[in-house]
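Here is a friendly briefing to read alongside the structure. Keep the viewer open and follow along topic by topic.

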Amino acid sequence: MIVTRFDIASVLLIMGIFLSILLFIHYWQSENVQKQYEKLIENEGIEHRQFLRRLDHELKNPLSAITTRVATINNTVGPAPYEIEVEPQDQIKEIQQMVFQIDEQTCRIKRLVSDLRKLSELETCTLEFSSVEIDHILQRFYDDLKKNPACKHKKILLTVPKTPWILPKIWTDEDLLYLVLQNLIDNAVKYTQEDDTVEIRAHENRDQVMIEVADSGIGIPENELENIGSELYRAKNSRGIPGYGLGLSIVKTIMKRLEGEFVIRSKEDAGTVVSIQLPKWNGEA
């Protein structure tokens, strides 16, 4: 009888220790989850503030230019505080030039707002998946590029395997894939000098198909690579080239929705390679 009581007491003691360990683990995991959640919220807050600062920077210049031009026009056509003899024809030309600059800056803001809206819509739009023949898409895209004036003085190369077999079909949204390619090639052409080369190449990679867009452009500084793809972020060496830093943000958002992979490699003053990977079609809808 004494032995039985001792055994029950031992079992209860062991169970108590075991439950204590479980409670400790649960508490520890809860603490970690809470810390991770707080860290995530903090990071999102930082990214949001960075985005707002970039947006403020992008909008400040065109808005300042518009304000200045409007003020100048008002001073030109309004009553002058003192008499200055100005030829009417010269005055008209000056006003026309300022109106043109206002229109130019207004269009710039419209494009920025349009791209931001497009980026927002991409995060929630309905996807239409289908089996897509990637070699046909790339060939059509390449043919369109040859008609593009921006590519007139660039060497555009397309490399797609034909032997011993063509690329397999992929399972994706064709329209969004085309938009990805469009943004990648636009970036490559924009940052590549005349007579330099832009390559589009594709190959199988196990159960996926990889597409690369490579250029011999200005490249990206190594310490800025991790920020590329963030909304409105642009590398310091690209600030003199027109753009808003939304092209790769759009690519990154689309690839996330298509459950594909997006990788960028670059060397400053050498060039950039952007790779995307999408799953092969498994024969099922």
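The notes below go through the sheet, a helix, the aromatic pairs and a surface patch. Please bear in mind that this is a predicted model. Its open sheet has five strands with mixed pairing, and the structure also holds two aromatic pairs.

**The sheet**

- Reading across the open sheet, the strand order is S2-S4-S5-S7-S6.
- Strand S2 (155–159) and strand S6 (261–267) are the edge strands; each has a single partner strand, so one side of each has no neighbour in the sheet.
- From one strand to the next, the twist averages 15 degrees.

**Strand S5 and its neighbours**

- Strand S5 (residues 208–215) is mostly covered, with eight of its eight residues buried.
- Gln208, Met210, Glu212 and Ala214 point one way from S5, while Val209, Ile211, Val213 and Asp215 point the other way. The buried residues on these two faces include the acidic side chains Glu212 and Asp215.
- Strand S4 (residues 197–205) runs antiparallel to S5, and eight bridges join the two. One of the bridge partners is Gln208 in S5, which is matched with Asn205.
- Two residues lie between the strands in the hairpin of S4 and S5, where Arg206 takes a positive phi near 60 degrees.
- S5 is also joined to S7 by eight bridges, again with the strands running antiparallel. Here Ala214 of S5 stands opposite Val273 in S7.

**Strands S6 and S7**

- S6 pairs with strand S7 (residues 271–279) in the antiparallel sense, over seven bridges.
- If you would like a residue pair to locate in the viewer, Phe262 has Ile276 in S7 as its bridge partner.

**Helix H5**

- Helix H5 (residues 247–257) has eleven residues, and eight of them are buried, so the helix is largely enclosed by the rest of the structure.
- The buried residues of H5 are Gly247, Leu248, Ser249, Ile250, Val251, Thr253, Ile254 and Met255.
- Just after H5, Glu259 takes a positive phi of about 60 degrees.

**Aromatic pairs**

- A pair of aromatic rings is described by the distance of the centres and the angle of the planes.
- There are two such pairs in the structure. In one of them, the ring centres of Phe129 and Trp171 are 6.3 Å apart and the planes are at 15 degrees, so this pair is stacked.
- Phe129 belongs to strand S1 (residues 129–132) and Trp171 to strand S3 (residues 170–173), so their pairing ties together parts that are 42 residues apart in sequence.
- Phe129 is partly exposed, with a relative accessible area of 33%, and Trp171 is partly exposed at 25%.
- Phe141 and Tyr178 form an edge-to-face pair, 5.2 Å centre to centre with 80 degrees between the planes.
- Because Phe141 lies in helix H3 (residues 134–146) and Tyr178 in helix H4 (residues 174–190), this pair ties together parts that are 37 residues apart in sequence.
- Phe141 is buried at a relative accessible area of 5%, and Tyr178 is buried at 18%.

**A nonpolar surface patch**

- Ile17, Ile21, Phe24, Ile25 and Trp28 make a nonpolar surface patch of about 520 Å².
- Ile17 is found in helix H1 (residues 2–77), and its relative accessibility of 46% means that this residue counts as partly exposed.

Conventions: Residues numbered from 1 in each chain as written. Predicted model: local features only at pLDDT ≥ 70, side-chain atom pairs only at ≥ 80, totals over all residues. Heavy atoms only, no water. Patch = residues over 30% accessible without salt bridge, like charges linked within 9 Å, V, L, I, M, F, W, Y side chains within 5 Å. Areas by Shrake-Rupley, 256 points an atom, 1.4 Å probe, with all protein chains shown as cover. Salt bridge = Lys/Arg side-chain N within 4 Å of Asp/Glu carboxyl O. Helix = DSSP H or I, 4+ residues; strand = E, 2+ residues; numbered from the N terminus. Buried < 20%, exposed > 50% of the residue type's maximum accessible area, 1.4 Å probe, protein only. Phe/Tyr/Trp six-rings, centres within 6.5 Å; stacked < 30°, edge-to-face > 60°. Pairing = 2+ DSSP bridges. Axes fitted to C-alpha atoms, helices over the stretch in contact; angles between N-to-C directions.
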